[in-house]
Amino acid sequence: MLDFFLLRRQRHQKKMMKYMRYVLNDHFVLVCLFLAGGLAFYYSNLLNQLSPDFPWSLPIVGIIWWVILPLGKLATLVEPADMAFLLPKEKEMGGYLSRGLRHSLAWPFSIELFVCGVLLPLIVLAKQISFINFFFFVVMLWSLKLANLRIQRFACYQTTQKQTQRLMILWFIISGGIIFSSLYSFAWLGTILAFVTAFGFVFLTQEQERLLDWSKMIDQENTRLHRIYQFINLFTDVPEIEAKVHRRKYLDGLLAKISFRQENTFLYLFARGALRGAVFGGLFFRLLIVGAILVLSLTDSRFIAGVSALFIYLIGFQMIPLYSQFDYIGAAQLYPVLKKHKKAALQRLMTLLLFSAALIFSLCSLLHLSIFESLGLFGLLLVEIGLFAWFYLPARIKKMED
């Protein structure tokens with residue numbers, strides 16, 4: 001079963017790497033670097049402004065650690081067909097699940113390592129301790145997460161639901177106590193208590209010849225994978241997730257403003273696809289909301305202008321594939337609509353969408369900028385929209401048609 005799990009893991013990682021090429025594209029990496037740099041800058045300034053007697057440093061760190069502990073689910077990589085084909089191997093599934101537990105440690109351990117490293121300066125500021133305590137804190141969080149995954153492994157067996165619920169509640173309460181004990185006393189004390197807790201939950205979650213609950217285990221794995229695919233679906237089409245079309249009757253008034261003329265055929269189709277489609281409509285609204293939140297959270301005019309311009313470009317870039325969205329429709333090919341009308345339709349729609357985004361970003365900037373600065377930002381975004389719609393977009397369309 002060890003070789004079987006390794007084969008499953010290799011196949012799963014190969015699929016994930018295929019999708020990561022689309023997720024970790026240049027634009028997404030650029031946004032992440034930009035946001036990380038901005039957040040690091042503001043966090044550094046915040047640490048310089050805080051006094052050593054700031055009373056909320058340790059409670060904030062403890063709550064954040066406590067909240068991130070449940071992140072990360074047990075990856076069993078089981079499939080629906082396993083209920084029938086792996087049933088004869090059920091007695092050997094214990095080793096299979098143990099391999100799955102070890103495989104599941106990488107993601108939560110990475111998150112806890114990163115968060116612990118980010119919050120350590122806040123602890124040092126409050127307690128005036130050395131950075132060597134970082135290792136004690138990290139090992140403490142890792143031990144508590146190991147206990148959590150052990151409970152999830154125990155939940156894969158039959159007649160364990162009530163016991164699993166009680167163990168999860170007990171684990172969560174104990175974890176909070178250990179975290180705050182380490183923060184308010186000694187870091188090494190939290191590490192020792194976390195070790196004891198991990199060994200205790202390993203003892204409490206012995207299977208004792210129980211049978212696997214295949215249906216529950218398969219449902220949990222499908223739910224875990226579905227969350228991953230939902231995130232990937234923000235960047236590219238995922239066959240495992242079926243895109244849905246929403247009625248959105250409340251937006252029909254906007255479509256009614258498009259006159260029924262031959263040159264507006266694709267304008268109507270593009271607008272309908274952008275408003276009702278889960279892919280393009282979802283991308284537009286998600287990027288718009290994220291961009292607006294970032295603009296509201298920033299105070300420096302240069303950062304606000306940079307973030308606004310970046311999200312205007314991202315929204316426009318993500319909407320470009322709408323140009324070929326309706327090429328599969330035979331009527332759109334047979335109906336005598338010139339290509340110049342199709343290109344002009346996308347330019348008009350793109351200009352309207354980006355204009356709306358620019359207006360929202362400019363209004364959000366009024367929280368920290370003056371009216372004249374917000375007007376200047378709006379003018380800058382209008383120039384970017386013009387360059388994008390009338391120079392960059394036609395070049396991209398020409399490249400798609402070649």
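**Close-up 1. Leu 375 counts as exposed, at 54% relative accessibility.** Here "exposed" means over 50% relative accessible area, "buried" means under 20%, and "partly exposed" is anything in between (1.4 Å probe, protein chains only). Leu 375 is found in helix 17. Helices here are DSSP runs (H or I, at least four residues), numbered from the N terminus. Before going on, a word on what you're looking at: this is a predicted model, where local features need pLDDT of at least 70, side-chain atom pairs count only at pLDDT 80 or more, and totals for chains, interfaces and linings use all residues. Residues are numbered from 1 along each chain as its sequence is written, and side-chain values use heavy atoms, with hydrogens and water left out.

**Close-up 2. Leu 375 belongs to a nonpolar patch on the surface.** Its companions are Phe 355, Leu 359, Leu 363, Leu 366, Ile 371, Phe 372 and Leu 382, and together the patch has about 810 Å² of accessible area. Helix 16 (339-365) and helix 17 (371-401) are the elements that give two or more residues to it. Helix 17 gives the most, with 4 residues. To be in a patch, a residue needs over 30% relative accessible area and no salt bridge; nonpolar side chains (Val, Leu, Ile, Met, Phe, Trp, Tyr) are joined within 5 Å, and like charges within 9 Å. The areas come from the Shrake-Rupley method with a 1.4 Å probe, and for residues only the protein chains shown count as cover.

**Close-up 3. Helix 16 and helix 17 pack at an angle of about 155 degrees.** Their axes are 9 Å apart. That makes helix 16 roughly antiparallel to helix 17, a label for angles over 145 degrees (under 35 is roughly parallel, 65 to 115 roughly perpendicular, and the rest oblique). The axes are lines fitted to C-alpha atoms over the stretch in contact, and angles run from 0 to 180 degrees between N-to-C directions. The crossing of helix 16 and helix 17 is right-handed: the near helix is turned clockwise from the far one by less than a right angle, while anticlockwise would be left-handed.

**Close-up 4. Helix 3 (residues 57-68) packs with helix 6 (residues 106-127) at about 165 degrees.** Here, too, the axes are 9 Å apart. Helix 3 and helix 6 are therefore roughly antiparallel to each other. Their crossing is left-handed.

**Close-up 5. Arg 224 and Glu 221 meet in a salt bridge (2.7 Å, N to O).** A salt bridge is a side-chain nitrogen of Lys or Arg within 4 Å of a carboxyl oxygen of Asp or Glu. The two residues sit 3 residues apart in helix 10 (residues 214-232), so about one helical turn separates them. Arg 224 is buried at 12% relative accessible area, and Glu 221 is buried as well, at 1%.

**Close-up 6. Glu 79 forms a salt bridge with Arg 11, the closest N and O atoms being 2.3 Å apart.** Glu 79 lies in the loop between helix 3 and helix 4 (82-85) and Arg 11 in helix 1 (residues 2-23), so the pair ties together parts that are 68 residues apart in sequence. Glu 79 is partly exposed at 30%, and Arg 11 is partly exposed at 48%.
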